Amino acid sequence: MNHQNKKQSSDEPKGIHQPVLLNEVLAQLRPMAGESYLDATAGYAGHAGAVLAITAAPDKATLVDRDENAIAELQKAVPDAEIIHSDFNAAAKELHAKGK
């Protein structure tokens with residue numbers, strides 16, 4: 001058998017990423033319409049996209065990632081969200097300083 005090793009990279013086009021355990025995450029978070037949402041490792045918006053489809057409140061979302069390619073995709077996919085290009089530790093400090 002010929003197996004090709006396909007490695008997913010951070011510069012893959014949108015639509016390639018499949019969020020892991022999405023239903024389980026949604027069951028634990030139980031998002032509701034109008035709620036705010038923080039994703040400190042937003043990536044290509046796999047989980048965030050599903051949560052925001054339920055909350056319908058992208059203007060109440062804060063999405064964080066340190067990958068510039070992911071940030072570019074997030075800005076296109078969720079333009080109304082607060083998007084922070086940073087690691088989650090620095091983003092937490094920034095959000096705390098803003099009183100969030």
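## Exercises on a predicted three-stranded fold

β2 and β3 form a parallel pair with four bridges between them. The structure above is a predicted model, and the exercises below start from this pairing.

### Exercise 1. The sheet

Determine the order of the strands in the sheet, and state which strands lie at its edges.

**Solution.**

Step 1. The sheet is open and holds three strands in the order β1-β2-β3, with parallel pairing.

Step 2. β1 and β3 (82-85) are the edge strands, since each of them pairs on one side only.

Step 3. From one strand to the next, the twist averages 10 degrees.

Step 4. Individual partners may now be located. Leu63 has Ile83 in β3 as its bridge partner, and Asp65 stands opposite His85 of β3.

Step 5. Strands of a sheet pair through backbone hydrogen bonds, in either a parallel or an antiparallel manner. In the present sheet the pairing is parallel.

### Exercise 2. The order of elements along the chain

State how many helices and strands the protein chain has, and in what sequence they follow one another.

**Solution.**

Step 1. The protein chain contains four helices and three strands.

Step 2. Read from the N terminus, the elements run α-β-α-β-α-β-α.

Step 3. Contacts along the chain may be added to this picture. Of the contacts with a separation of 6 or more, 41% join residues 24 or more positions apart.

### Exercise 3. Helices against the sheet

Describe how helices α3 and α4 are placed relative to the strands.

**Solution.**

Step 1. Helix α3 (residues 68-77) packs on the sheet and touches β2 and β3; its direction makes about 170 degrees with that of β3.

Step 2. Helix α4 (residues 88-97) lies across β1, β2 and β3 and runs at about 130 degrees to β3.

Step 3. The two faces of β3 are then distinguished. Glu82 and Ile84 form the covered face, whereas Ile83 and His85 form the uncovered one.

Step 4. Ile71 offers a detailed view of α3, the helix in which it is found. Apart from residues up to four places away in sequence, Ile71 touches Asp65, Ile83, Ile84 and His85. The C-alpha atoms of Ile71 and Ile84 are separated by 7.8 Å, although these residues are 13 residues apart along the chain.

Step 5. Ile71 has a relative accessible area of 6% and is therefore buried, the limit being under 20%.

### Exercise 4. Helix α2 and the nonpolar core

Identify the buried residues of α2, what covers them, and the part this helix plays in the largest nonpolar core.

**Solution.**

Step 1. In α2 (residues 46-55), the buried residues are Gly46, Ala48, Ala50, Val51, Leu52 and Thr55.

Step 2. An α-helix has 3.6 residues a turn, so residues three or four places apart point the same way.

Step 3. The cover over the buried residues of α2 includes α1 (22-29), β1 (37-39) and β2 (61-65).

Step 4. The largest nonpolar core has 14 residues, of which Tyr37, Ala48, Leu52, Leu63, Leu74, Val78 and Ala81 touch the most other members. At least two residues come from each of α2, β2 and α3. Helix α2 gives the largest share, four residues.

Step 5. Leu52 may be examined singly. Beyond its neighbours within four places in sequence, Leu52 contacts Tyr37, Ala57, Pro58, Ala61 and Val78.

### Exercise 5. Two alanines with positive phi

For Ala45 and Ala56, give the location and decide whether each residue is buried or exposed.

**Solution.**

Step 1. Ala45 belongs to the loop between β1 and α2. Its phi is positive, about 65 degrees, although Ala45 is not a glycine.

Step 2. Ala45 has a relative accessible area of 10%; it is therefore buried.

Step 3. Ala56 follows α2 and lies in the loop between α2 and β2. Its phi is likewise positive, near 55 degrees, in a residue other than glycine.

Step 4. Ala56 has a relative accessibility of 60%, over the limit of 50%, and therefore counts as exposed.

### Exercise 6. Surface and confidence

Give the extent of burial and of exposed surface, and state where pLDDT stays under 50.

**Solution.**

Step 1. Of the 100 residues in the protein chain, 33% are buried. The chain exposes about 6900 Å², of which carbon and sulfur atoms supply 52%.

Step 2. The average pLDDT of the protein chain is 88, and 84% of the residues score at least 70.

Step 3. Over residues 1-10, pLDDT stays under 50, and the model has six contacts beyond four places in sequence for them.

Step 4. Where pLDDT is low, the predicted coordinates should not be read in detail.

How values were computed
Residues are numbered from 1 along each chain as its sequence is written. This is a predicted model: local features need pLDDT of at least 70, side-chain atom pairs count only at pLDDT 80 or more; totals for chains, interfaces and linings use all residues. Side-chain values use heavy atoms; hydrogens and water are left out. Buried means under 20% relative accessible area, exposed over 50%, partly exposed in between (1.4 Å probe, protein chains only). Contact means heavy atoms within 4.5 Å. Accessible areas come from the Shrake-Rupley method with a 1.4 Å probe; for residues, only the protein chains shown count as cover. Two strands pair if DSSP finds at least two bridges between them. Axes are lines fitted to C-alpha atoms, for helices over the stretch in contact, and angles run from 0 to 180 degrees between N-to-C directions. A nonpolar core is a set of buried Ala, Val, Leu, Ile, Met, Phe, Trp, Tyr and Cys residues joined through side-chain atoms within 4.5 Å. pLDDT is the predictor's confidence in each residue, from 0 to 100.
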